[in-house]
Amino acid sequence: MLRETLALLDTRGYDGLRVADVARNAGVGLGSLYRRWPNKYALVVDALRAAAAARAVEPTDDPVADLLTGLVNLAEGLGHRGAPLLAVLLTDPGSELAAAVREAKVEPVRAATRERLRRVIGPVPDLQARADAGQALVLLHLMLHGVPPDETRMREEILPVMIGRPAD
């Protein structure tokens with residue numbers, strides 16, 4: 001059902017997505033779908049979360065490598081399904097779909113990046129700002145160059161901004 005939700009979201013957009021079509025295409029009853037997801041918003045949030053889970057970074061003994069892997073995954077995600085979702089955040093930020101994207105994608109990635117960075121530099125006062133800056137630089141590169149930064153650029157230019165000396 002979640003894969004079907006993503007497929008219909010890709011082809012029809014949020015406004016064109018009908019829960020009844022998801023149920024029919026997934027071969028389940030509409031009542032069964034509504035027992036698990038009370039509305040379209042909840043279904044879309046779970047579908048977006050499930051897609052994001054595939055890009056989760058398992059912690060290793062190298063927190064800097066984990067932080068870099070998370071940024072690379074962000075960049076790769078923006079190169080795939082992420083671009084249309086980013087466009088929704090920029091063009092229709094008050095929409096229900098934008099709220100779903102923030103809840104299912106943006107906030108979990110933001111929290112995971114913050115936690116990975118905390119493992120590298122500790123609980124510094126500007127931890128969230130540094131984590132946000134790294135992600136913002138990935139997005140800015142995409143907007144300026146049409147492609148997300150490669151791993152080398154992230155290692156040499158973005159990680160130093162994130163890991164540098166704490167603000168006074």
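This is a guided tour of a predicted model, selection by selection.

**Whole chain**

Start with the full protein chain in cartoon view. Its secondary structure consists of eight helices and zero strands, so the order along the sequence reads α-α-α-α-α-α-α-α. Aligned to the principal axes, the C-alpha atoms of the protein chain fill a box of roughly 55 × 30 × 25 Å.

Next, colour the chain by accessibility. Of its 168 residues, 38% count as buried. The accessible surface of the protein chain is about 9,100 Å², and carbon and sulfur atoms account for 56% of that area. If contacts are drawn between residues at least 6 apart in sequence, 60% of them join residues at least 24 apart.

Now select the charged side chains. There are 21 positive and 22 negative charges in the protein chain, and their mean positions lie 6 Å apart.

**Salt bridges**

Side chains of opposite charge can pair when their charged atoms come close. Across the whole structure, a search finds twelve salt bridges. Three of them are visited below.

Select E115 and R118. Their side chains meet in a salt bridge, with an N to O distance of 2.5 Å. What separates E115 and R118 along helix α6? The two residues are three apart in that helix, which means a separation of about one helical turn. E115 is partly exposed at 38% relative accessibility, and R118 is partly exposed as well, at 33%.

Elsewhere, salt bridges with shared partners join R12, R18, D21 and R24 into one network. Select these four together, then narrow the selection to D21 and R24. The closest N and O atoms of this salt bridge are 3.0 Å apart. Both residues belong to helix α2 (residues 19-26), where they are three residues apart and therefore separated by about one helical turn. Is D21 buried or exposed? D21 is buried, with a relative accessible area of 5%. R24, in contrast, counts as exposed at 53% relative accessibility.

Move on to D132 and R110. This pair also forms a salt bridge, and its closest N and O atoms are 2.8 Å apart. D132 lies in helix α7 and R110 in helix α6 (residues 96-121), so the pair ties together parts that are 22 residues apart in sequence. D132 is partly exposed, with a relative accessible area of 25%; R110 is partly exposed too, at 26%.

**Nonpolar patch**

Select L90, L140, M143 and L144 and show their surface. These residues form a nonpolar patch on the surface, with about 440 Å² of accessible area together. Which helix supplies the largest share of the nonpolar patch? Helix α7 (residues 127-145) does, with three residues. One of the patch residues in helix α7 is L140. L140 has a relative accessible area of 38% and is thus partly exposed.

**Single residues**

Centre the view on I121, in helix α6. Leaving out residues up to four places away in sequence, I121 touches L127, R130, M162 and I163. For a distance check, pick the C-alpha atoms of I121 and E58: they are 18 Å apart in space, and the residues are 63 apart in sequence.

Go next to R49, which sits in helix α4. R49 is partly exposed, with a relative accessible area of 37%. Which residues are in contact with R49, apart from its neighbours within four places in sequence? They are E103 and A104. A label on P108 gives another distance: R49 and P108 are 59 residues apart in sequence, with 8.6 Å between their C-alpha atoms.

End at D62, in the loop between α4 (40-53) and α5 (63-91). D62 counts as partly exposed, at 40% relative accessibility. A line drawn from D62 to T5, C-alpha to C-alpha, spans 36 Å, and the two residues are 57 apart in sequence.

Definitions and conventions
Residues are numbered from 1 along each chain as its sequence is written. This is a predicted model: local features need pLDDT of at least 70, side-chain atom pairs count only at pLDDT 80 or more; totals for chains, interfaces and linings use all residues. Side-chain values use heavy atoms; hydrogens and water are left out. Patches are made of residues with over 30% relative accessible area and no salt bridge: like charges are joined within 9 Å, nonpolar side chains (Val, Leu, Ile, Met, Phe, Trp, Tyr) within 5 Å. Accessible areas come from the Shrake-Rupley method with a 1.4 Å probe; for residues, only the protein chains shown count as cover. Helices (H or I, at least four residues) and strands (E, at least two) are DSSP runs, numbered from the N terminus. Buried means under 20% relative accessible area, exposed over 50%, partly exposed in between (1.4 Å probe, protein chains only). Contact means heavy atoms within 4.5 Å. Lys and Arg count as positive and Asp and Glu as negative; His and the chain ends are not counted. The place of a charge is taken as NZ of Lys, CZ of Arg, CG of Asp or CD of Glu.
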